[in-house]
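Student: I'd like to take a close look at a single part of this model, and then see how the rest is arranged around it. Could you walk me through it at an unhurried pace?

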Amino acid sequence: MTTAESRNSGLAERIATLAGESGLTVAAAESLTSGGFSSALGAASDSSDWFVGGVVAYSRRVKHEVLGVPEGPVVCAEAATAMAAGVRSMLGADVAVALSGAGGPDPQDGQAPGTVYLAADCDADSQVQRVQLSGPPSEVVQQSVTLALEMMLRLLEKQSAGADDA
């Protein structure tokens, strides 16, 4: 197991613990990572209890028709936000994270290779983040999975803390 795979496995296990303890369900929508994010979540402990599923929307048509991404560019904040909200609604999850980006080696939608948008959606919070990564496409994908896991973990920590305050 590589260092990145080990890190992602550890993040997914922390997500599993938080989701299990809080009773929250999670979903994923991804393009750039082609299922890598969902795979990491699904490999974590007791994932069938808290991971409701994911949508790998690699084609524009699927992003628009299935996840409700507005017509136009798919490598942008609006697309990632719509993907997160769309998968959360479709699968009935408490929280969702989505990724869209230009993995490279060529630009996409006017975005340089390595441009990635991550979005999170839940009742209390929705957010979007743009990052610029470097390296060959395989490294951009791996780094993106790590960032999505970190975003999901932060979202669950925030949701879990809010539940404790209630």
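Student: Which residues of α5 are buried?

Tutor: Happy to, and please keep in mind that this is a predicted model. The buried residues of α5 are Ala79, Ala80, Ala82, Met83, Ala84, Gly86, Val87 and Arg88. The helix itself covers residues 77-91, 15 residues in total, and reaches 21 Å from its first C-alpha to its last, close to the 21 Å expected at 1.5 Å a residue. For reading the list of buried positions, it helps to recall that an α-helix has 3.6 residues a turn, so residues three or four places apart point the same way. Right after the helix comes Gly92, with a positive phi near 65 degrees.

What do those buried residues pack against? Their partners are the strands β1, β2 (51-56), β3, β4 and β5 (126-132), together with the helix α4 (60-65). Several residues of α5 also turn up in a core of 21 residues, whose members include Ala57, Ala79, Met83 and Val87. This core lies apart from the largest nonpolar core, to which I will return below.

Arg88 is a good place to follow the helix outward to β4. The side chains of Arg88 and Asp121 are joined by a polar contact of 3.1 Å. Asp121 lies in strand β4 and, at 13% relative accessibility, counts as buried because the limit is under 20%. Beyond its neighbours up to four places away in sequence, Asp121 touches Ala84, Ala85 and Arg88, and also Asp94, Val95, Ala96, Ser126 and Leu155.

One place further along is Cys122, also in β4, which runs over residues 115-122. Cys122 is buried too, at 5% relative accessibility. Leaving aside neighbours within four places in sequence, its contacts are Arg88, Asp94, Val95, Leu155 and Gln159. Arg88 is thus among the contacts listed for Cys122 as well as those listed for Asp121. Cys122 also gives a sense of how the chain folds back: Leu156 is 34 residues away in sequence, with a C-alpha to C-alpha separation of 9.6 Å.

Leu156 brings us to the largest nonpolar core. That core has 35 residues, and Phe37, Trp50, Leu149 and Leu156 have the most contacts inside it. Two or more residues each come from α1 (3-22), β1 (26-30), α2 (36-42), β3 (95-102), β4 and α6 (137-165). The largest share, 10 residues, belongs to α6. As general background, in soluble globular proteins, nonpolar side chains tend to be buried together.

Leu149 shows some of the packing in detail. Apart from neighbours within four places in sequence, Leu149 is in contact with Asn8, Leu11, Ala12, Ile15, Phe37, Ala40 and Leu41. Four of those names, Asn8, Leu11, Ala12 and Ile15, reappear among the buried residues of α1, alongside Ala16, Leu18 and Ala19. Helix α1 has 20 residues, which should span 28 Å at 1.5 Å a residue, and its end C-alpha atoms are 29 Å apart, which agrees. Just after α1, Gly23 takes a positive phi of about 75 degrees.

Trp50, another of the residues with the most contacts in the largest core, is buried at a relative accessible area of 2%. A search of the whole structure finds 1 aromatic pair, and that pair is Trp50 with Phe51. Their rings are tilted, 6.2 Å centre to centre with 45 degrees between the planes. Phe51 is buried as well, with a relative accessible area of 16%.

Finally, a few backbone details that a computational chemist may want to check. Most residues other than glycine have a negative phi, and most peptide bonds are trans. Asp46 has a positive phi of about 55 degrees although it is not a glycine; this residue sits in the loop between α2 and α3 (47-50) and is exposed, with a relative accessible area of 55%. Asp109 likewise has a positive phi, about 50 degrees, in the loop between β3 and β4, and is partly exposed at 28%. The loop between β3 and β4 also holds Pro105, which is joined to Gly104 by a cis peptide bond with omega about 5 degrees.

Definitions and conventions:
Residues numbered from 1 in each chain as written. Predicted model: local features only at pLDDT ≥ 70, side-chain atom pairs only at ≥ 80, totals over all residues. Heavy atoms only, no water. Helix = DSSP H or I, 4+ residues; strand = E, 2+ residues; numbered from the N terminus. Buried < 20%, exposed > 50% of the residue type's maximum accessible area, 1.4 Å probe, protein only. Contact = heavy atoms within 4.5 Å. Core = buried A, V, L, I, M, F, W, Y, C linked by side-chain atoms within 4.5 Å. Expected span 1.5 Å × (residues − 1). Phe/Tyr/Trp six-rings, centres within 6.5 Å; stacked < 30°, edge-to-face > 60°. Polar contact = N/O pair within 3.5 Å; in protein donor to acceptor, adjacent residues only side chain to side chain.
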